[in-house]
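Trainee: Please take one part of this model, its nonpolar interior, and describe it closely. I should like the account to go on to the elements that surround it.

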Amino acid sequence: MSYYQKASLLIFFDSFLIIVTIILGSLLVQGNFYYSDAFLLTAIIVLLSHYFFSYSFKLYKKAWEYASIGELLIILKITTISIMLAAAGQFFYTGHVHIRFLTAIWLLYLLFLGGGRFSWRVFRDTYIKKDTGKKRTLIIGAGAAGTMIARQLLNNHGAELLPAAFIDDDKKKLYLDILGVPVVGGIKDIETTVNRLNIENIIIAIPSLDKKSLNEIFQECAKTDADTKILPMLEDIVTGKISISQFREVQVEDLLGREPVKLDTKGISDYITGKVVLVTGAGGSIGSEICRQAAAFEPAKLILLGHGENSIYTIEMELKEVFKESKVEFIPEIADVQDYNKLLRIMEMHKPDVIYHAAAHKHVPLMERSPEEAVKNNIIGTLNAAKAADKTGISTFVMISSDKAVNPTSVMGATKRLAEMVIQDMDKKSSTKFIAVRFGNVLGSRGSVIPLFKKQIQKGGPVTVTHPDMVRYFMTIPEASRLVIQAGSLAKGGEVFVLDMGDPVKIVDLAKNLIKLSGHTTDEIQIEFTGIRPGEKLYEELLNKNEVHEQQIYPNIYVGKTSAVYIEEIENIMLRYPTITNEELRSELIGLANRESSAEKVLISMPG
């Protein structure tokens, strides 16, 4: 039925109800029906007022299957104003107001007009809407968002989910019914509620929830077999974007227990906007994200330097599409950081103001097998980029380092630590500000354990974890890249910046979470412990004991103290590495990188 057909039917229905109301009002007040001029005048005024104000308040455009307090208030306004106008008409026409008559009409008018419409919703909810085939759903959070979701699910014919209960830690809401859905307990009651009420789906409906609390809730949900989903961000709800289709799966990034990083956009703009920025390793997971973040600050030119042509082409096409409305010039350059002359030519051609040096070999076991490649790429490549930056007078050079550079037990970590020493030495004799930024594992990067776990889960397992006690610091790629850019704006020269990685995460817990997020249990997908690989440590550290400055210089960013630099020994290794065995090279690298801390090695947990 079209809108005009529905409106015409309702107008006819309302007209009939108003006439019946006036007749009944006369019978109730006078005991019989008595036709008079006052009766006719009242009927005409009430009918005309009803039509006018129904149009003004858009009464006939309401969907009554979703009627609530707002629609009831509109009906109250229309009936009250119509009766008041009828009273005024009686007074001016007869000099007298029939108060009892009008009061009876008003009550009957309100009852019939409102009751008739709301009875349709009651009938629809009770008899037409059936629960057959719908999945019983537990909503965590009985606040505004949770109530909104419950209302949408209850009123939507096509929804596959049926709200069965709320969970909320607010004791004032416990045992109350919200839209007919009971609040049955707190977070600790999730498992028992799911089992008792045969819950198939869980929706976490607390958009303002911090990530630590979300992790705690998810761990309770993980004890059940129910499918767990989460709402979008709070701003999506506020702007009205929320809908049933927007429920999304909980992602491992949601469970890091970290809050979003806030940037000093003015400080970053001052040294990026309108400048020339060069990123080495621009096709890699970290390098490409630095390009995305830097492009948002609208540099004049962004040089995408990398060795792999496919990855550089991919990030170039992406940036040109995403930032097509901006004036940023994206320039791809295929080059190897081991080629000093090519790097120098590129820098002399483009004259960058800032360099982010992300090119490196990062895979720990592979670098144990090929330590000479780690020397060539991580140490010599960094030295080449730094020397070219110095010769062309670049303002700031930011090297991406790793937490594995602290008390390194691997070739990769040792070469990263020695690369830090190289740029600290360069800073002492150059007008360029050289700094390093050190952080741990990033989720989703090429060397991350997450993609490996996901592939193993897709194949049905087992998921391989090296050791049950192994822990790592984790950070998302966008967050790490934002903090790298922020650290560059804080550079004075020679610093080793350390990003606050939050709390360390047990790898086995990460594996269990991924298994649960994939819709499986640890009984279906087994976890297998394979033993620590060469070069790996159970615990990663972010700062050496003699490097620690406990005070943050910016939220989530620390700066390490200047430590010893063994540049002559590093140069000696760079000269001799092709002529010595892999084992000798590995021993020399790790020994030199650990020389300053060999007396005492400690695990430092980041403050805050």
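**The nonpolar interior and its surroundings**

Mentor: The largest nonpolar core has 40 residues, and L302, L319, Y356 and V437 have the most contacts inside it. A nonpolar core here is a set of buried Ala, Val, Leu, Ile, Met, Phe, Trp, Tyr and Cys residues joined through side-chain atoms within 4.5 Å. Helix 17 supplies the largest share of this core, 6 residues. A second, separate core of 26 residues includes V276, A335, F397 and A436.

This is a predicted model, in which local features need pLDDT of at least 70 and side-chain atom pairs count only at pLDDT 80 or more, while totals for chains, interfaces and linings use all residues. Residues are numbered from 1 along each chain as its sequence is written, and side-chain values use heavy atoms, with hydrogens and water left out.

Y356 shows how the larger set is connected. Leaving aside its neighbours within four places in sequence, Y356 is in contact (heavy atoms within 4.5 Å) with Y271, I272, V277, L278, V279, T280, I290, V398, V484 and I485. Of these partners, V484 and I485 are among the buried residues of helix 17.

Helix 17 covers residues 477-489; helices (H or I, at least four residues) and strands (E, at least two) are DSSP runs, numbered from the N terminus. Because 10 of its 13 residues are buried, helix 17 is largely enclosed by the rest of the structure. Buried means under 20% relative accessible area, exposed over 50%, and partly exposed in between, with a 1.4 Å probe and protein chains only. The buried residues of helix 17 also include I477, E479 and S481. Its expected span, taken as 1.5 Å times one less than its number of residues, is 18 Å, and its end C-alpha atoms are 19 Å apart, which agrees.

Helix 18 (residues 507-517) is likewise mostly covered, with 9 of its 11 residues buried. Among them are I507, V508, L510 and the polar pair N513 and K516.

Outside these helices, G531 is found in the loop between strand 20 (527-529) and strand 21 (557-560). At 30% relative accessibility, G531 counts as partly exposed. Leaving aside neighbours within four places in sequence, G531 is in contact with V465 and T466. The C-alpha atoms of G531 and T464 are separated by 9.4 Å, although these residues are 67 residues apart along the chain.
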